[in-house]
Structures are given as C-alpha cells and as structure tokens.
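Colleague: I have just opened this one and would enjoy a guided look at a single part of it. Could you take your time and walk me through that part once the structure is up?

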Amino acid sequence: MSESVPTAKSQGPLAGISSFFNRKILRTDRSRWNYQYEKGLWDGLENLDELARFSVLAGYVQFLKPNNPAILEIGCGEGIMAQRIGRQHYGSYLGTDVADTAIERARQRFGDEQTQFEAVDMNNLRTEQKFDVIIFNEAIYYLEPMVDKLVTQYAPMLKPDGLLIISMNTGRHANSEARWKEIEAGFATVDSTFVKTDKNGWDVKVLRPLTA
Ligand SMILES: C[S@@+](CC[C@H](N)C(=O)[O-])C[C@H]1O[C@@H](n2cnc3c(N)ncnc32)[C@H](O)[C@@H]1O
C-alpha cells in the first residue's frame, strides 16, 4: 500500500533556496505536506486547544465500538488520533497519510503490532481489509470527488454496522456546510457534535452508509 519519494530538506547556505523550492516548486501533495511536517507547521495539533476535537472522536469510538474494533484512519498525520483513542480500545489501527515524514514519526512514536502506519494517498488507497470504523479527522477536504469516493471506495471497506467518523472545521475556508450536505445525501447521520473552543470550531459526525 505504501509508496515513497525523496523529501527535500536542507541546512546551511542553501537553506533559503531549499525553503523557496519547497514552498513554490514542490507542487505535489506529498512534497508539500512533507515540507510542512518537516518545518513543524503541524506541531500545534498536539496542543490543548485541539484536545476537545480529538476527545470527541475518541469518545465516539470507545462508546460505539467497545469490542476491539478494527480502525482505519485517513490523513492520520503523526498518529495523534491513535494515541488519544488508546491501544486498549482497539484491536487494530491502520493510520494512513500522504506525508511519509509524518508516517515515519507516527511509526516511531506509536507503532506496534496493533498499530500500523502506511504512507498512501487517500485518493488511491485500496485494500481488501474491512474495518469497524473509518476516520477522516480534518482530512476529508483532500478526497476528490469526495462523496463519490466515500461511497464507492470507502463504504465497501466497512464491515456490516461499520461507521464513518468525520470531523470538519466550521471556518469559512472549509466550506463545511456544502460538504456536509453532499455527504449526508449519501450517508445517514448516527450522531453529531459541535466542538467549540476559544480558537476554533468543528463538526464531528458519525455516519453509516445508506445501504447498510
Ligand atoms: C489538517 S491535517 C490533519 C491531521 C490529523 N488528522 C489531525 O486531525 O490533526 C491534514 C492531513 O491530511 C493529510 N493529507 C492531505 N492530503 C492527503 C491525501 N491526498 N492523502 C492522504 N493524506 C492526505 C496531510 O498530510 C495531513 O496529515
């Protein structure tokens, strides 16, 4: 399932050129996200002001799938979601992300027999494995075409009674209202929580395929 590409990282006198190269020239998703993780631009995801969002998702998994669920996370970054759910609350965890830099860190910090991480683009991910839960935590924005792939690519990866959990930022740039409308045309909403902190807001929804 994994692919790997070289990442651009440089120090010393060429660092400025490297930085410009990374920001302006490396246009593939993987290069851009690797660059951002290498620069620590996503370190804030572990901060207190992101706790509420992760806690709602973790709570849903623990409450709705209490018996060693098989979990697939898409756009898992450095694996924080797996850590917040806690390995005692899942049978297996497969975290995937396009950024191999983030995946390598996730492996080093949280990887074990139960908890695997793979570098793979969500738009190309294919597997015969079936999951109790599939999580898109602040990552659904990068799935295109979103609902078509949710229905044809991801829903078939769910076990019977399997659930999709999606978190979306309510800020202007996420265009979340339109996205939710599209998603809820293809999936039934099992439950929904609005998470509001001093800095941010997110809708977290649990969904199941309409055909299930
Ligand atoms: C906003 S971050 C969210 C990270 C983490 N899920 C969280 O909630 O803190 C979005 C993540 O999606 C990943 N991503 C972006 N495009 C992707 C793609 N096409 N396939 C897989 N992952 C992707 C990025 O590398 C990044 O880790």
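The part I have in mind is the lining of the largest pocket: how do its residues divide into nonpolar, polar and charged?

Modeller: Happy to. One caution before we start: this is a predicted model. As for your question, the lining residues of the largest pocket divide into 16 nonpolar, 7 polar and 8 charged. That makes a lining of 31 residues, and the space in the pocket comes to about 570 Å³. Nearest the centre of the pocket lie Trp33, Tyr37, Gly75, Asn137 and Glu138.

Where do these residues come from? Helix 2, helix 3 (51-64) and helix 4 (80-85) are the elements that give two or more residues to the lining. Helix 2 supplies the largest share, with 3 residues. In terms of domains, both domain 1 (12-41) and domain 2 (46-209) contribute, each with at least three residues in the lining.

Helix 2 deserves a closer look. Helix 2 spans residues 29-38, and 7 of its 10 residues are buried, so "mostly covered" is a fair description, with buried meaning under 20% relative accessible area. The buried set consists of Arg30, Ser31, Trp33, Asn34, Tyr35, Tyr37 and Glu38. Two names in that set, Trp33 and Tyr37, are also among the residues nearest the pocket centre. A general point helps when you rotate the view: an α-helix has 3.6 residues a turn, so residues three or four places apart point the same way. After helix 2 comes glycine 40, with a positive phi near 75 degrees.

Now for the ligand. There are 20 residues around the ligand, and those that come nearest are Tyr37, Arg53, Gly75, Asp97 and Asn137. Tyr37, Gly75 and Asn137 in that group are names you have already met at the centre of the pocket. Some individual distances are worth displaying. The side chain of arginine 53 has an N or O atom 2.6 Å from an oxygen atom of the ligand. For glycine 75, a polar backbone atom is 2.7 Å from a nitrogen atom of the ligand. Methionine 122 also takes part through its backbone, with an N or O atom 2.8 Å from a ligand nitrogen atom.

Aspartate 97, another of the residues that come nearest the ligand, lies in strand 2 (residues 92-97). Aspartate 97 counts as buried because its relative accessibility is 7%, under the 20% limit. Its C-alpha atom is 6.8 Å from that of glutamate 118, and the two residues are 21 apart along the chain.

Let me step back to set the pocket in its surroundings. The protein holds 7 helices and 7 strands, and from the N terminus on they run α-α-α-β-α-β-α-β-β-α-β-α-β-β. Of its 212 residues, 49% are buried.

While you have the backbone on screen, look at a few unusual spots. In general, most residues other than glycine have a negative phi, and most peptide bonds are trans. The bond from glutamate 144 to proline 145 is cis, with omega near -10 degrees. Proline 145 sits in the loop between strand 4 (131-137) and helix 6 (146-154). Asparagine 68 is not a glycine, yet its phi is positive, about 50 degrees. Asparagine 68 is placed in the loop between helix 3 and strand 1 (70-74), and because its relative accessible area is 55%, over the 50% limit, it counts as exposed. Aspartate 161 also has a positive phi without being a glycine, at about 70 degrees. This aspartate belongs to strand 5 (residues 158-169) and is exposed, with 62% relative accessibility.

Two further pairs show how the chain folds back on itself in space. Valine 151, in helix 6, is 58 residues from proline 209 in sequence, while their C-alpha atoms are 7.6 Å apart. Valine 151 is partly exposed, at 38% relative accessible area. Glutamine 108, in helix 5 (residues 100-110), is exposed at 63%. Its C-alpha atom lies 9.9 Å from that of glycine 79, a residue 29 places away along the chain.

To return to your question, keep the lining in view as 16 nonpolar, 7 polar and 8 charged residues, with helix 2 giving the largest share.

Conventions: Residues are numbered from 1 along each chain as its sequence is written. This is a predicted model: local features need pLDDT of at least 70, side-chain atom pairs count only at pLDDT 80 or more; totals for chains, interfaces and linings use all residues. Side-chain values use heavy atoms; hydrogens and water are left out. Buried means under 20% relative accessible area, exposed over 50%, partly exposed in between (1.4 Å probe, protein chains only). Helices (H or I, at least four residues) and strands (E, at least two) are DSSP runs, numbered from the N terminus. On a 1 Å grid over the protein atoms alone, a cavity is a set of points where a 1.4 Å probe fits but cannot get out, and a pocket is an open set with protein on both sides within 12 Å along at least five of seven lines; lining residues have an atom within 4 Å of a point. Grid points are joined across faces, edges and corners, and a volume is the space filled by probe spheres set on the points. Ala, Val, Leu, Ile, Met, Phe, Trp, Tyr, Cys and Pro count as nonpolar, Asp, Glu, Lys and Arg as charged, and the others, Gly among them, as polar. Domain bounds come from an automatic or database domain assignment. A residue is near a molecule or strand if one of its heavy atoms lies within 4 Å of it. A polar contact is a pair of N or O atoms within 3.5 Å; within protein, one must be able to donate a hydrogen and the other to accept it, and residues adjacent in sequence count only if both atoms are side-chain atoms.
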